[in-house]
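Here's a quick tour for anyone meeting this chain for the first time. Have a look at the sequence and the fold, then read on.

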Amino acid sequence: MKGALGFCFLMVVVASAGCVSQTAPSPAWSNWAEREGGVAQGPECARASTALARLGDPGWITKLRFLHVRVLNTNCPCAYAWPDGSLFVTKGLLLLLDDDELTGALAHEIGHLAEDSPRFKSAAFSGSGGTKCEVYADAAGCELLKSAGLAPDFLARALIKVRNDPRTPASLRVALSQRIQIIQGGEAFPEQTVWHAPRIR
Ligand SMILES: [Zn+2]
């Protein structure tokens, strides 16, 4: 997806950028968010925050103390995770998904931030990070959902809606179908992508 690829490129750039300002630095994602339609205000934000809160404290999986979700003012049905714990869902995704599916999508994004996930930790919900990276995030996301007493099917249903949406490129649909099958079919996650949960102390 065009926006998702732009996002990946940006991540490489900002990761090496130093801070030279004496004022509080802008978040690494601020320019990117502007280009993605800007951060929206309004009732959608409360809905996204509620969906995130259902996952409880995801710190056991990410080692991040604070996760925050914001809404991007764009119709592309996407979600993103930044290494600082900033999560983004688009207005298009909010329109597409119900509340359960939205929580599933956020669990997947948090899965990208799992502490032992691949080095390139951020990718779009629709799968710009490569299938292996996405399946890995699915595995962590399903663990997170289960730990919160929620169904992994929340994520599978979200992926089905994204796959079936006409805005999703045909080239992504096969990979999305494979991921859905793994989650819904109870199939084991491929060996190289199995996410090993850290001990909960
Ligand atoms: Zn992803």
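Two residues count as in contact if their C-beta atoms, placed from the backbone, lie within 7 Å. With that in hand, V89 touches A48, V69, V71, A79, L94, L102 and A105, leaving aside residues up to four places away in sequence.

A word on what you're looking at. This is a predicted model, where local features need pLDDT of at least 70, side-chain atom pairs count only at pLDDT 80 or more, and totals for chains, interfaces and linings use all residues. Residues are numbered from 1 along each chain as its sequence is written.

Now the overall layout. The chain has 9 helices and 3 strands; helices (H or I, at least four residues) and strands (E, at least two) are DSSP runs, numbered from the N terminus. Going from the N terminus, the order is α-α-α-α-β-β-β-α-α-α-α-α. Of the 201 residues, 39% are buried, meaning that 20 or more other C-beta atoms lie within 10 Å of a residue's own (exposed is 12 or fewer, partly exposed is in between).

On to the sheet. Its 3 strands form an open sheet in the order β1-β3-β2, with mixed pairing; strands pair if DSSP finds at least two bridges between them. β1 and β2 sit at the edges with a single partner strand each, so one side of each has no neighbour in the sheet. β1 and β3 run parallel over 5 bridges, and V71 stands opposite V89 in β3.

Two helices lie against these strands. Angles here run from 0 to 180 degrees between N-to-C directions, using axes fitted to C-alpha atoms (for helices, over the stretch in contact).

| Helix | Strands | Angle |
|---|---|---|
| α3 | touches β1 and β3 | about 145 degrees with β1 |
| α6 | lies across β1, β2 and β3 | about 30 degrees to β2 |

Which residues of α3 are buried? They're A48, A51 and L52. These cover an arc of only 100 degrees around the axis (taken from the directions from the helix axis to the C-beta atoms), which puts them on the same side of α3. They pack against β1, β3, α5 and α6. The face turned away from that buried side carries the exposed P43 and A46.

Finally, the core. A nonpolar core is a set of buried Ala, Val, Leu, Ile, Met, Phe, Trp, Tyr and Cys residues joined through C-beta atoms within 7 Å. The largest one here has 48 residues, and V89, L106, I110 and L155 have the most contacts inside it. Helix α7 supplies the largest share of this core, 9 residues.
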